[in-house]
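Thanks for asking me to look this one over. My comments follow as numbered points, so you can go through them beside the structure.

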Amino acid sequence: MSSGEDGAPDQLVEHLSMGIDPYEKNWMRASIILLVIFFATVTVAGFSMGIQVVGADAEVDPRIVTDSGPWAEPGVRMIRPGEYEAYVIAQTWAFVPREIVIPVNSEITIHVTSPDLQHGFKVTDTNINMMVVPGQVSTVTYTFDEIGEFPYICHEYCGRGHVTMAGVVKVVSSVGEEGTP
Amino acid sequence: MSVVDRPPSSSEYEPRFAGGYDLTRPEKRFVGQHLFVAIVALMIGSLMGPLQSFQFSGVDLYPYLDPIIKSYYQGLTLHGVLNALIWTTFFIVGFTAFTTMKGLGRSLSHPRLNQFGFWTMVVGLVMTAIPILTNSATVLYTFYPPLKASWAFYLGLTLVVVGSWIEGWGFFLTLRAWRKDNRGVRSPFIALGGIINAAMWQIATLGVAVEILTMLLPWSLGLIDNTDPELARTYFWFTGHPLVYFWLLPAYVSWYGMLPKQVGGKLFSDSLARLAFWMFLIVSVPVGFHHQFTDPGVPQTWKWIHALLTYSVFFPSMITAFTVIASLEYGARKNGGTGLIGWIRALPWLDPSVAAQLLAAILFMFGGIGGLTNASYSLNLVIHNTAWVPGHFHLTVASAVTLSFMGISYWLVPYLSGRQLWSPKTALVQAWTWFVGMIIFSNAMHVLGLLGAPRRTPLGDATYVPEEWNGHLLRVSIGGGILLVSVIMYGVVMVKTMRTERVAAELVPTVPIAEPIRSAQLTPVWLDTFKPWLIAAALLLLIAYGPQLVDQIWNMNLNAPGPDSTPW
Ligand code: HEM
Ligand SMILES: [Cu+2]
Ligand SMILES: [Cu+2]
């Protein structure tokens with residue numbers, strides 16, 4: 001039906017207000033306020049609470065990455081007491097190294113890359129969670145403040161051995177107890 | 001509608017433009033062909049799902065499938081492609097052809113063009129299916145390089161997309177022809193909504209189109225040796241996120257524009273329904289980096305911008321929640337419903353088409369809340385690529401969308417074929433078993449994800465599974481078992497319906513089209529015009545995607561050849 005039967009002034013009012021119900025207007029206002037709160041939360045969490053997502057850190061050539069440099073000898077190294085770095089290669093279908101051993105309360109920076117397919121690197125019970133993409137280096141820094149074993153699992157499909165692809169971070173009371181490093 | 005006996009609702013009004021237009025026999029057959037392909041794809045694709053879920057608790061049925069399906073991953077590729085890409089796309093294009101014709105009250109302006117589009121999609125589907133079934137494209141439905149599928153897989157998917165574009169052009173031309181004959185008249189919502197979705201799809205699929213044509217297809221044909229996997233991911237997610245809105249908007253067309261009529265009510269606000277669709281057109285695309293929060297090679301700033309934009313999708317979603325619920329309430333109260341929430345009982349829950357869509361909407365509310373979590377920067381780190389994610393999208397695409405489409409098919413298939421629905425009771429039980437099965441399945445998957453279980457993994461074989469996952473893995477299998485029953489019931493209802501005798505025209509279900517409470521003519525013109533919204537969409541895309549996309553293309557490094565031998 002066309003608008004013919006409605007009185008003209010009414011029609012104008014409806015026109016201006018798009019015929020939006022007052023309840024609906026309030027609902028929309030509330031949605032916008034919630035939205036602003038979300039924006040603020042994401043921003044605060046992203047910038048000031050030290051939550052770290054991977055960024056554009058470094059690029060490598062996947063064809064030769066394991067030939068020289070740190071990736072030729074993947075593993076954990078102590079930079080200074082309480083500070084470690086690890087170079088991890090994710091390849092079909094294993095992580096090298098399979099074990100990262102560090103003392104509790106030390107900070108570790110982990111770099112992961114892949115010479116073949118895409119893989120994933122997620123350390124259970126932490127917020128370390130990265131994609132591993134050939135050509136890119138995924139880097140994260142984290143402080144382990146609890147003793148225990150934290151498996152790292154490949155969570156991107158990478159072929160038939162994908163289900164077997166995992167390693168473990170062992171956080172120990174002091175280094176030496178477990179041999180390495 | 002009329003599937004279950006109900007007193008006729010007091011609003012037997014059909015908008016003038018829909019004027020009782022009945023599709024011609026060939027038009028009905030054309031829409032029906034889309035639904036046929038869609039439903040066959042769903043039946044085959046869905047059967048893989050329960051097998052996956054049984055595997056989780058150690059019941060490995062794959063050896064019995066050996067001649068066809070060689071591995072969990074091959075089955076998962078079939079599951080993802082057939083369900084998420086084929087069932088959805090064919091149903092949506094068919095349904096949009098239907099709402100365009102029925103809504104505008106006329107035939108397609110270029111029926112040959114649309115037929116050509118449809119057959120292009122079918123050829124594409126066959127080309128995609130052959131390599132999947134011969135285990136030469138076990139790359140999952142995301143086909144991340146350098147996993148290398150047979151060239152036929154990439155070409156086939158391209159043809160499916162191109163076919164859907166061509167059909168989209170047919171819809172635009174039809175709308176244009178209608179506008180010429182109806183100057184000053186607002187286009188009917190069900191037609192406009194579907195066509196907005198088709199427009200969004202054309203923009204969104206540019207990402208995979210470029211990915212396949214400039215990188216994957218030449219690489220699989222041996223014309224180039226290497227890929228840039230990170231750039232490929234950026235291309236993929238340019239399409240991958242709006243893909244979910246492409247699935248969802250046709251369900252919204254039904255929730256806003258049809259379901260209210262099925263419950264004896266009206267569309268609460270035509271203006272807001274349109275506003276929501278236009279907003280989806282604008283904000284669906286420039287949010288893809290929220291799938292790449294954990295990717296190396298994308299700077300944090302862009303991730304943050306896309307996180308904010310992702311939240312803006314919350315706004316049209318809230319409009320939808322309000323308008324749809326208000327429309328349903330309006331109908332329920334007219335049918336005697338009372339009380340603050342008591343009116344819900346006055347909805348026609350015994351109509352399987354209504355029940356399926358209401359249950360779909362309820363599951364979607366849970367899905368929406370989970371989605372807010374996924375999009376949050378910090379929480380995403382906990383759940384990215386864990387079992388949480390399939391837990392989430394089985395509430396959205398596999399329930400809100402799939403169960404709604406099933407509900408639609410409960411009147412649409414009878415309407416198109418001139419029959420009545422076979423055993424509405426079975427259909428009703430089907431909807432409820434889907435609901436119950438999915439709640440169990442999805443809840444368990446969410447919990448597993450929080451505990452750290454990876455996705456895309458046959459967890460029944462994994463060595464790192466701790467004791468505490470076992471109960472949840474079992475619940476995944478139980479949910480999957482209930483869903484298996486539900487899928488089979490759906491197939492039976494469809495097949496049996498098609499095998500009943502045709503009935504007299506007045507016994508065939510009518511098409512439910514909800515009249516807006518205030519005449520659509522009162523909706524402002526700017527809510528019925530493509531131009532400003534397309535310009536806004538293009539601008540936002542340029543600002544929010546342009547710089548990083550240009551940067552990644554400019555610095556493209558084709559250096560990843562992949563492994564020497566087939567990895568699956
Ligand atoms: C019959 C009921 C279903 C069951 C029991 C089921 C089960 C599953 C399971 C267990 C997975 C996870 C596999 C993994 O991550 O290792 C999965 C993945 C998936 N499902 Fe379903 N599913 C069902 C129906 C559907 C439907 C109807 C759709 C879409 C319309 C769908 C779309 C998907 C997609 C896109 C994936 C992800 C595939 C991938 O990661 O590559 N499923 N399903
Ligand atoms: Cu891997
Ligand atoms: Cu893997």
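**Notes on the model**

1. Let me begin at the surface: Asp181(B) counts as exposed, because its relative accessibility is 55%. Please keep in mind throughout that this is a predicted model. Asp181(B) has a partner, as its side chain meets that of Arg106(B) in a salt bridge, with N to O at 3.2 Å. The pair links distant parts of the chain, 75 residues apart: Arg106(B) is in the loop between α2 and α3 (111-133) of chain B, while Asp181(B) is in helix α4 (residues 151-181) of chain B. Arg106(B) is partly exposed, with a relative accessible area of 22%.

2. Next, have a look at Arg274(B), which takes part in two of the salt bridges described here. One is with Asp270(B), where the closest N and O atoms are 2.8 Å apart. These two residues are four apart in helix α9 (residues 270-283) of chain B, so about one helical turn separates them. Arg274(B) and Asp270(B) are both buried.

3. The other partner of Arg274(B) is Asp528(B), with the closest N and O atoms 3.3 Å apart. Here the pair ties together parts that are 254 residues apart in sequence, because Arg274(B) lies in helix α9 of chain B and Asp528(B) in the loop between α17 and α18 of chain B. Both of these residues are buried too. Through shared partners, salt bridges join Arg179(B), Asp270(B), Arg274(B) and Asp528(B) into one network. Over all chains, the count of salt bridges comes to 13.

4. Which residues coordinate the iron atom of ligand 1? They are His79(B) and His394(B), each through NE2, at 2.0 Å. The site of this iron atom is octahedral, with angles of 86 to 180° among its six donor atoms. His79(B) lies in helix α2 of chain B and His394(B) in the loop between α14 (388-393) and α15 (396-417) of chain B, so the pair ties together parts that are 315 residues apart in sequence. His79(B) counts as buried because its relative accessibility is 12%, and His394(B) counts as buried at 16%.

5. Now to chain A and its copper. The copper ion (ligand 2) has as protein donors His119(A) (ND1), Cys154(A) (SG), Cys158(A) (SG) and Met165(A) (SD), lying 1.9 to 2.5 Å from the ion. Why is the arrangement tetrahedral? Because the four donor atoms subtend angles of 99 to 132° around the copper ion (ligand 2). Along the chain, these donors follow the spacing H-x34-C-x3-C-x6-M.

6. For the copper ion (ligand 3), the protein donors are Cys154(A) (SG), Glu156(A) (O), Cys158(A) (SG) and His162(A) (ND1), at 2.0 to 2.3 Å. This arrangement is tetrahedral as well, because the four donor atoms subtend angles of 93 to 122°. The donor residues of the copper ion (ligand 3) are spaced C-x1-E-x1-C-x3-H in sequence. The copper ion (ligand 3) and the copper ion (ligand 2) are 2.6 Å apart, with Cys154(A) coordinating both. Cys154(A) counts as buried, because its relative accessibility is 0%, and Cys158(A) is buried with a relative accessible area of 0%.

7. Glu156(A) deserves a second look, since this buried residue also reaches across to the other chain. Its side chain meets that of Arg456(B) in a salt bridge, with N to O at 2.9 Å. The count between chain A and chain B is one salt bridge, and 17 residue pairs are in polar contact across the interface. On the side of chain A that touches chain B, α1 (8-16), α2 (22-47), β8 (129-132) and β9 (136-144) each supply at least two residues. The most comes from α2(A), with 15 residues.

8. For the interface as a whole, 65 residues of chain A are in contact with 76 residues of chain B. Between them, chain A and chain B bury about 6100 Å², 67% of it on carbon and sulfur atoms.

9. One last residue to check is Thr99(B), in helix α2 (residues 72-104) of chain B. Thr99(B) is buried, with a relative accessible area of 1%. Its side chain reaches the backbone oxygen of Thr96(B) at 3.2 Å. Beyond its neighbours within four places in sequence, Thr99(B) is in contact with residues including Ile190(B), Val253(B) and Met258(B).

Methods: Residues are numbered from 1 along each chain as its sequence is written. Chains are lettered from A and ligands numbered from 1 in the order in which they are written. This is a predicted model: local features need pLDDT of at least 70, side-chain atom pairs count only at pLDDT 80 or more; totals for chains, interfaces and linings use all residues. Side-chain values use heavy atoms; hydrogens and water are left out. Donors are N, O and S atoms within 2.8 Å of the metal (3.2 Å for Na, K and Ca); water is not among the atoms, so sites may look incomplete. Four donors count as tetrahedral if all angles lie between 85 and 135 degrees; four count as square planar and six as octahedral if opposite donors are over 155 degrees apart and all others between 65 and 115; anything else is irregular. Buried means under 20% relative accessible area, exposed over 50%, partly exposed in between (1.4 Å probe, protein chains only). Contact means heavy atoms within 4.5 Å. Buried area is the accessible area (1.4 Å probe) that two parts lose on being put together, summed over both. A salt bridge is a side-chain nitrogen of Lys or Arg within 4 Å of a carboxyl oxygen of Asp or Glu. A polar contact is a pair of N or O atoms within 3.5 Å; within protein, one must be able to donate a hydrogen and the other to accept it, and residues adjacent in sequence count only if both atoms are side-chain atoms.
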